[in-house]
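This report goes through selected helices, residue environments and charge pairs of one protein chain. The sequence and the model come first, and the notes follow.

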Amino acid sequence: MSLDIALILLIDGLANGAIYLLAGLGLVLIFSVTRVVFVPFGDITAFCALTLAAFELGRPPATIWLVAALAVVACAVDTVSLLRRAEAAKIPRSLLFYGVLPMIPCALAWFAATPATPYGLQALLALALVLPIAPLLDRIAFRPAADAPVLMLLIIALALHFALSGLGLIFFGAEGFRTRPLIDGVFDLGAGIIMSGQTLLTLIAAALLSLLFFFFFERSMIGRMLRATAVNRVGARLVGIRPSRTGTFAYLIASLLAGVSALLIGPTTTIYYDSGFIIGLKAFVGAIVGGLVSYPITALGSIFVGILESFASFWSSAFKEVVVFSLLIPVLVWRSWGAAHADEEESEEIEA
């Protein structure tokens, strides 16, 4: 392998790793706050990319009907829950949050689904359309089982993934789509390094979002509430933080990261209705490297996964998935050793 080829593979790997980084941060955020391994994360990514593809074709995306249906069901579930707790006065606020707000991007998307709409506006509408999906799924499926074991929450997440994947086949068909790049052109970075505008945008966007993510958790009140809930849900509740509300913020941020990932990866990879599962699974490998708790290690693990995938596809494209997912074995063994030692130390402290 020559140095030029190695540089090309490295840049390609960094671009893929940047996508997995955003997805990995979303997975860690949701798991740390709600204990849910959010398998449908990748499906939201695929839905956003396919929604933008539908806009490009000048037709209303079927995502409108999905969001509208989820909003109606979420309103019904929340209303019944409030009536059971004798809190009928909160129903108007519930209808506003779960009914009216998700319908706004649906209405805008319906009227803007014409070829005359500027491409930038179409991308923003596709992003806005998928934003309510994760919070609505949380209200419908996860919040009623918030105190269930992690395994039960994982089963619910898997069921939602298969449901969304089936709906994606119905909505968008089996044909794959590749969206237009957000930035055209090729940039010469010197030293023989040439990078497409979309790849450069992907790297810059991932770096900026990671930085914003850091400041959001360190400086904002909502970020501190999310950190407190992630550290101790009971303690957070005792100081007045509602885990259900912080969970909603976590799902909303995860939807945003999934949508941005779709806008970045859509022009470089053909997205099918079930492509999100593989994207989410590779991001999950990065999240496992970080133990589903550490954002910096998850970011490094996700970048490593992207680079490993790029070089593996060069040596043997047929086995690149095998190479990436084989990374899970040593990581899980290492994690299990660490957990065993922690349990032993905790047991010794109790006996002492």
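## Burial and Asp 138

A residue counts as buried when its relative accessible area is under 20%, as exposed when it is over 50%, and as partly exposed in between. The model discussed here is predicted. Asp 138 has a relative accessibility of 6%, so it falls in the buried class.

Asp 138 belongs to helix H6. Leaving out residues up to four places away in sequence, Asp 138 touches Arg 143, Pro 144, Gly 247, Thr 248 and Tyr 251.

## Helix H4

Helix H4 covers residues 91–112. With 22 residues, H4 reaches 31 Å from its first C-alpha to its last, close to the 32 Å expected at 1.5 Å a residue. H4 nevertheless bends by about 30° at Phe 97.

The buried residues of H4 are Ile 91, Ser 94, Tyr 98, Gly 99, Pro 102, Pro 105, Cys 106, Ala 109 and Ala 112. What do the buried residues of H4 pack against? Their partners are helices H2 (41–56), H3 (63–84), H5 (119–130), H6 (133–142) and H11 (243–265). In an α-helix there are 3.6 residues a turn, so positions three or four places apart point the same way.

## A nonpolar surface patch

Leu 96, Phe 97, Val 100, Leu 101, Ile 104 and Leu 108 make up a nonpolar patch on the surface. Together these six residues have about 520 Å² of accessible area. Phe 97, where H4 bends, is a member of this patch. Its relative accessible area is 38%, so Phe 97 is classed as partly exposed. Membership of a patch calls for over 30% relative accessible area, and the 38% of Phe 97 is consistent with that.

## Helix H7 and the loop after it

Helix H7 spans residues 150–172. Its 23 residues reach 32 Å from the first C-alpha to the last, close to the 33 Å expected at 1.5 Å a residue. In H7, the buried positions are Leu 153, Ile 156, Ala 157, Leu 160, His 161, Leu 164, Ser 165, Gly 168 and Phe 172. The cover over these buried residues includes helix H1 (3–34), H2, H3, H6 and H12. Gly 173 follows H7 and has a positive phi, near 80°.

Leu 182 sits in the loop between H7 and strand S1 (186–190). Is Leu 182 buried or partly exposed? Its relative accessibility is 34%, so it counts as partly exposed. Apart from neighbours within four places in sequence, Leu 182 is in contact with Tyr 119, Ala 123, Gln 198, Leu 201, Leu 263 and Pro 267. The C-alpha atoms of Leu 182 and Phe 319 are separated by 31 Å, the two residues being 137 apart along the chain.

## Thr 63

Thr 63 is found in helix H3. The relative accessible area of Thr 63 is 0%, so this residue is buried. Its contacts, neighbours within four places in sequence aside, are Phe 47, Thr 51, Leu 129, Val 130, Ile 133 and Phe 172. Among these, Phe 172 is also one of the buried residues of H7.

## Salt bridges

Side chains of opposite charge can pair when their charged atoms come close. Five salt bridges are found in the whole structure. One of them joins Glu 309 to Lys 282, with 2.5 Å between the closest N and O atoms. This pair links distant parts of the chain, since Glu 309 lies in helix H13 (residues 295–316) and Lys 282 in helix H12 (residues 275–289), 27 residues apart. Both Glu 309 and Lys 282 are buried.

Arg 85, Glu 87 and Lys 90 are joined into one network by salt bridges that share partners. The side chain of Glu 87 meets that of Arg 85 at 3.0 Å, N to O, and that of Lys 90 at 3.7 Å, N to O. Arg 85 has a relative accessible area of 46% and is partly exposed. Glu 87, at 25% relative accessibility, counts as partly exposed, and Lys 90, at 33%, is likewise partly exposed.

Conventions. Residues numbered from 1 in each chain as written. Predicted model: local features only at pLDDT ≥ 70, side-chain atom pairs only at ≥ 80, totals over all residues. Heavy atoms only, no water. Patch = residues over 30% accessible without salt bridge, like charges linked within 9 Å, V, L, I, M, F, W, Y side chains within 5 Å. Areas by Shrake-Rupley, 256 points an atom, 1.4 Å probe, with all protein chains shown as cover. Salt bridge = Lys/Arg side-chain N within 4 Å of Asp/Glu carboxyl O. Helix = DSSP H or I, 4+ residues; strand = E, 2+ residues; numbered from the N terminus. Buried < 20%, exposed > 50% of the residue type's maximum accessible area, 1.4 Å probe, protein only. Expected span 1.5 Å × (residues − 1). Bend = angle between axes of the 7 residues up to and from the residue. Contact = heavy atoms within 4.5 Å.
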